[in-house]
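Please work through the following model with a student and a tutor. Each exchange poses one question and settles it.

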2 protein chains.
Amino acid sequence: MAQHTVKFDIAEEPIQVPTGTLVTEAAAQSSVEINQPCGGQGRCGRCAVKVTDGDVRRRSTLRLSTEDVAKGYALACQSVIESDSEIIVPPQEKIERRLTTDRTAAEVVVPEGYDPQQSQTIRRLHLNLMPPSMDDQTDDWSRLQTAARKQAGVTDLKTSLEMLRKIGGVVREGEWKVTAVLNAKTWDCPDCPAELLDIYPGHIPAATPLWGVAIDIGTTTVSLWLTDLLSGQVRAQVAEYNQQISRGEDVISRIIFASKDGGDEKMRGMVMGTINELLERACKRAKAKPGEIIKATISGNSTMMHLLLGIPASSIRLTPFVTVVNHIPSMFAQDMGLDIHPRGIVDCLPGVASYVGADISAGVLASGMDYSQEVILFMDVGTNGEIVLGSSDWLVTCACSAGPAFEGAGVLHGMRATKGAIEEVWINDETYDPSSRVIGGVKPRGLCGSGLISLLAEMFLTGVVDKRGSINTKLASPRVREGDHGSEYVIAWANETKHGEDIVITNVDVDNLLRAKAAIYAGFKVLAESVGVPLETVDQVLIGGSFGKYINVEKAVEIGLLPDVDWDRFQFLGNTSVRGAYLALIDHNLRRRISEIAARMTYIELSADNTFYDAFMSALFLPHTDMNLFPSVAAAMEK
Amino acid sequence: MAQHTVKFDIAEEPIQVPTGTLVTEAAAQSSVEINQPCGGQGRCGRCAVKVTDGDVRRRSTLRLSTEDVAKGYALACQSVIESDSEIIVPPQEKIERRLTTDRTAAEVVVPEGYDPQQSQTIRRLHLNLMPPSMDDQTDDWSRLQTAARKQAGVTDLKTSLEMLRKIGGVVREGEWKVTAVLNAKTWDCPDCPAELLDIYPGHIPAATPLWGVAIDIGTTTVSLWLTDLLSGQVRAQVAEYNQQISRGEDVISRIIFASKDGGDEKMRGMVMGTINELLERACKRAKAKPGEIIKATISGNSTMMHLLLGIPASSIRLTPFVTVVNHIPSMFAQDMGLDIHPRGIVDCLPGVASYVGADISAGVLASGMDYSQEVILFMDVGTNGEIVLGSSDWLVTCACSAGPAFEGAGVLHGMRATKGAIEEVWINDETYDPSSRVIGGVKPRGLCGSGLISLLAEMFLTGVVDKRGSINTKLASPRVREGDHGSEYVIAWANETKHGEDIVITNVDVDNLLRAKAAIYAGFKVLAESVGVPLETVDQVLIGGSFGKYINVEKAVEIGLLPDVDWDRFQFLGNTSVRGAYLALIDHNLRRRISEIAARMTYIELSADNTFYDAFMSALFLPHTDMNLFPSVAAAMEK
């Protein structure tokens, strides 16, 4: 049998192995440790290595994209040596990142050719005023207006009382040389005059950043990008849990809390507290001051937007489910209590309906689907699940009341995706023993959303649950047992966990997860059917939102949460809401596009739709009643 | 000698008198008391009677207009009986009023054909919104905008966060019938959208007033007219001293006080206090609430406007004397602290220069001179003296630093025109004893502006002072003596006064008054010469301002304060500043005209003008160096 020389980058010496040796075996001979969380079943993708010289035969490329394979990636447990090879074993951390975060557009690239003169509404001008004399007793403000007109082409300039109180001192301190910061236009009044926001003595150096901030208020997480409006560059990205979580996990419970006496002010205070803390943190990182931030663009779902602004949200919750306002007027920071420059322009992005908010309008912009020739399915699965289907020609949208099951709520050992959460599970199909990956590499405390999807898929594929989601109590494993909440499966024994108690999943949990995934899939179906586009013909599936960031698409398809289309058609976009807010912050043409998107989207109210109920009932199975919709899952089950 | 029957209306019986009997003598025979403050010299006009049957021969008609004579008025001390006559003796009070207030336009007449639909920017609309349903989930705010567009033709409507917080509740409480109050346009942004200012459930009855307020902030007095914007009617007129008086009589001392630490906030607080007190008083009278007032138009000189808004005013006082702002942007009441509706529109009228403020722009509007075919001289002598000369074709203006002498400041026994102030004086040309009229009919405490003018004129005409203003110490009267401040003339002995001290006028006082009147007259001259219009050819002299209200024109001409033109050409307009503010309040076309007036007026800075100095020096005489300029005074002196 032919022998081949194999050299692992982290091994001391090359070794000789016969043709057909598994890469994992060769690694073991080289004393190179390759992590195999799924036990070498080729399902987890965590043993990916990169072949830089020679080649290997890949029995399976599950979890690898076509591009990955083209770059030389192979699953060590599913690939055999057939030539002399050099193999790189990426650090585990890097693999994890590549499989999750790397697939999201984590880096912010300033749009090509960004020109603040063309795109930015905020302008910083160096003006030289004519000093007054006995022959020219024009007032200071007219003098400033004239300089702005003659030196910067600003034909019409207005200002506030605060500025009028200030300019007399500033123009004299600067000896009639000043730096003026103004807002050239607002989205809701294109014909309104430009507004002087602040003025400083002398000429501020051109390289000094002009700060703006893009904010996404998620039900769970608030994200903030501190941006230099002159270069378009993001200088600090920070995120934190929305303090409102302490008053309810989902929007409905928050609305109920806010409706109670004083609850609205408490809710408002909590999210403002979160934002102001993030502002401090981002500013510290970028060596800025919150008071220097002159523009904020805010995205978020309709409830979050109402609660942020102190607008009563109760009509969102009650039939016929209407918001008070979708297109919120541009306002000043001091009007709404944001701790940036008091005259900072605050632009809350427009939503479409009670359950399709600004986060989705912004997400569509960030995805680019409104300009796409292809048919795109965009989903944002955060605490709520919103879906948009469309292209440059049309856009339809709906909201699935999926509930927060995938955020860990309504599940006995569910938790949010923090340290100690099991985020991926593999079950051995002979022993029914699981192995898992825990965030932070510590003892587990519970299961987060991606962990639940992973677990449900593994339970289904290994027969721990049947297609109805019932736990198979006849299974020859001590892990299946009767508990306080009916049948359950033990993922971790008490001695393996942080809190010293078994971590289990119950039949009730599985039912909740089934209902959540069925609601989302039914949303896809209704949307697709409403425009006569078969789901399987969708050209791209774009996944945004914090949940989407960590989702394991293959497993999500296996449980019937996502439609069964080619892996290559899926793309993770990360937090599209904050990205859309960022784009609107730096470019007023993109800001206008968000308004157009919000106006263009046709909203389909699922609760008024009988076809939704039928689609939902059909989706209450693993993966679905109609297996023709999930050919890859059917194939995997046969195998 | 022919006998005639004379019947006085207030006499018991008619009497018989021979031809040539003075009316005052006939009155004495009838036991009818006719007041003769000037001692029957025909100078004070206080003995005017009305001849209703028969006629009298008038030796003099001084102080009577041609119209008065046509109506039958005659001076009792200067008219003789020549036929049977019936004579009405008007109550003294009525005479006083006719000679002062009656010549001012005290009644406010709503402009003919006033139509709030055409003229008023504030609109109150009854709107019926389409209720939402599962088939129409449009947000509340869009629903309101649609109703405003379809039912009232409001194509573009914006609003504030406060309103967005309120509308959800209001539309539901009113079961989708609401009353919306909106501002259709502002002077400084004609292309801006209309703004929703407030919204109420149900339909407010159309007859309910919609309140607005016109305010004039005088250096001495603040005046306020509470107005129903729907009918244009003024429902309450109130006035009160500006509390700032306690920190200085004139604008210069107020600016100095405001420049000191915290002084600006104190000044602002004091005038706000005055206004808010007046608002309370006016509202009580009209059964309104300050919070219901939705629009305020404010007039006042440039210093008053800066101090009201908390804008540093120090540049007004320092060369080259510029304001921070002349054309103040429209703002909301909550932005500047006025205690009306928080979203009430506050419109501070535009000024021209540091010493020609909004009060003058408003005054010109109220005078109508900017549309006049005739050449008009308009003056507003309050605490400051501003003059405008012009017609529909051109307008020139200047400010005379007359100082507050005519308000009683800088004069030993000067005081403001309140109870106890001597407001008119007559001196007997044989005894040099004065008689006088005191405001409130009490013992005198001092002399107010009109009293000082009157006194100076009498002293000059009777030779108590010479044309240089020096008191004739050789006069055979104990009233002329040397005092602590040089030569002085005693107007009232200690036993006749309130405070038990002599009331005197000193040579220093006279000098101060001469300088004040010379500054004003020099202003007239410079203005007239700047446009080549001889003063004597001016078609009308319009006098506005609180001082003008009580001025005795004839005496003012005698001392050379006013130009010597026919009595009929003078007209008192009262407080033209508040009247102009009222007109701007009710009619946005008139508001626009004020901006045009302010832009059109050519300001002439007197302190930079040598011709002013020459004119001033020539005017430091009684009435003037050039007696050709004062032919009527020359004639009176000859007599």
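The dialogue below concerns a predicted model.

Student: How are chain A and chain B related: as by which kind of axis?
Tutor: Chain A can be laid on chain B with an RMSD of 0.4 Å. The operation is a turn of 179° with a shift of 0.0 Å along the axis. The two copies are thus related as by a two-fold rotation axis.

Student: In chain A, which residue has the C-alpha nearest the axis?
Tutor: The axis in question is the one for the turn of 179° that lays chain A on chain B. In chain A, the C-alpha nearest to that axis lies 2.9 Å from it, and the residue is Cys192(A).

Student: What percentage of the interface residues of chain A are also interface residues in chain B?
Tutor: Chain A gives 42 residues to the contact, and chain B gives 42 residues. The copies meet through the same surface, because the share of interface residues of chain A that are also interface residues in chain B is 100%.

Student: Which helix of chain A gives the most to the side that touches chain B?
Tutor: The elements that give two or more residues to this side are helix 5 (140-152), helix 6 (161-173) and helix 11 (333-336) of chain A. The top contribution is six residues, and it comes from helix 6 of chain A.

Student: How many nonpolar residues has the side of chain A that touches chain B?
Tutor: This side also has 12 polar and eight charged residues. The number of nonpolar residues is 22.

Student: How far apart are the C-alpha centres of domain 1 and domain 3 of chain A?
Tutor: The domain assignment of chain A places domain 1 at 3-99 and domain 3 at 211-348, among others. Domain 4 is given as 362-403 + 514-638, and domain 5 as 405-507. The distance between the C-alpha centres of domain 1 and domain 3 of chain A is 46 Å.

Student: Which strands stand at the edges of the five-stranded open sheet of chain B?
Tutor: The order of this sheet is 2-1-7-3-5, with mixed pairing. Each edge strand has a single partner strand, so one side of each is left without a neighbour in the sheet. The edge strands are strand 2 (15-18) and strand 5 (73-75) of chain B.

Student: Which residue of strand 7 of chain B stands opposite Val51(B)?
Tutor: Strand 3 (residues 48-53) and strand 7 (residues 85-88) of chain B run antiparallel and are joined by three bridges. Opposite Val51(B) stands Ile87(B).

Student: Is Tyr432(B) buried or exposed?
Tutor: Tyr432(B) lies in the loop between strand 21 (421-427) and strand 22 (434-438) of chain B. Its phi is positive, about 65°, although Tyr432(B) is not a glycine. The cut-off for burial is 20 or more other C-beta atoms within 10 Å. Tyr432(B) has 21 such atoms, so Tyr432(B) is buried.

Student: Is Glu175(A) buried or exposed?
Tutor: Glu175(A) is found in the loop between helix 6 and strand 10 (177-183) of chain A. Phi of Glu175(A) is likewise positive, near 50°. A residue counts as exposed at 12 or fewer other C-beta atoms within 10 Å. Glu175(A) has 12, so Glu175(A) is exposed.

Student: Which residue of strand 22 of chain A stands opposite Glu424(A)?
Tutor: Strand 21 (residues 421-427) and strand 22 of chain A run antiparallel, joined by five bridges. In their hairpin, with six residues between the strands, Tyr432(A) takes a positive phi near 60°. Four of the five residues of strand 22 of chain A are buried. Opposite Glu424(A) stands Arg437(A).

Student: What angle does helix 14 of chain A make with strand 26 of chain A?
Tutor: Strand 26 (503-506) is an edge strand of an open sheet of chain A with the order 24-25-26 and antiparallel pairing. Strand 25 (residues 486-492) and strand 26 of chain A pair over four bridges, and the bridge partner of Glu488(A) is Thr506(A). Helix 14 (residues 507-531) packs on this sheet, touching both strand 25 and strand 26 of chain A. The angle between the directions of helix 14 and strand 26 is about 60°.

Student: What is omega for the cis peptide bond from Leu622(A) to Pro623(A)?
Tutor: Pro623(A) has its place in the loop between helix 19 (610-618) and helix 20 (631-638) of chain A. The bond from Leu622(A) to Pro623(A) is cis, with omega near -10°.

Terms used
Residues numbered from 1 in each chain as written. Chains lettered and ligands numbered in written order. Predicted model: local features only at pLDDT ≥ 70, side-chain atom pairs only at ≥ 80, totals over all residues. Contact = placed C-beta atoms within 7 Å. Nonpolar A, V, L, I, M, F, W, Y, C, P; charged D, E, K, R; others polar. Domains from an automatic or database assignment. Pairing = 2+ DSSP bridges. Least-squares fit on C-alpha atoms with pLDDT ≥ 70 in both. Axes fitted to C-alpha atoms, helices over the stretch in contact; angles between N-to-C directions.
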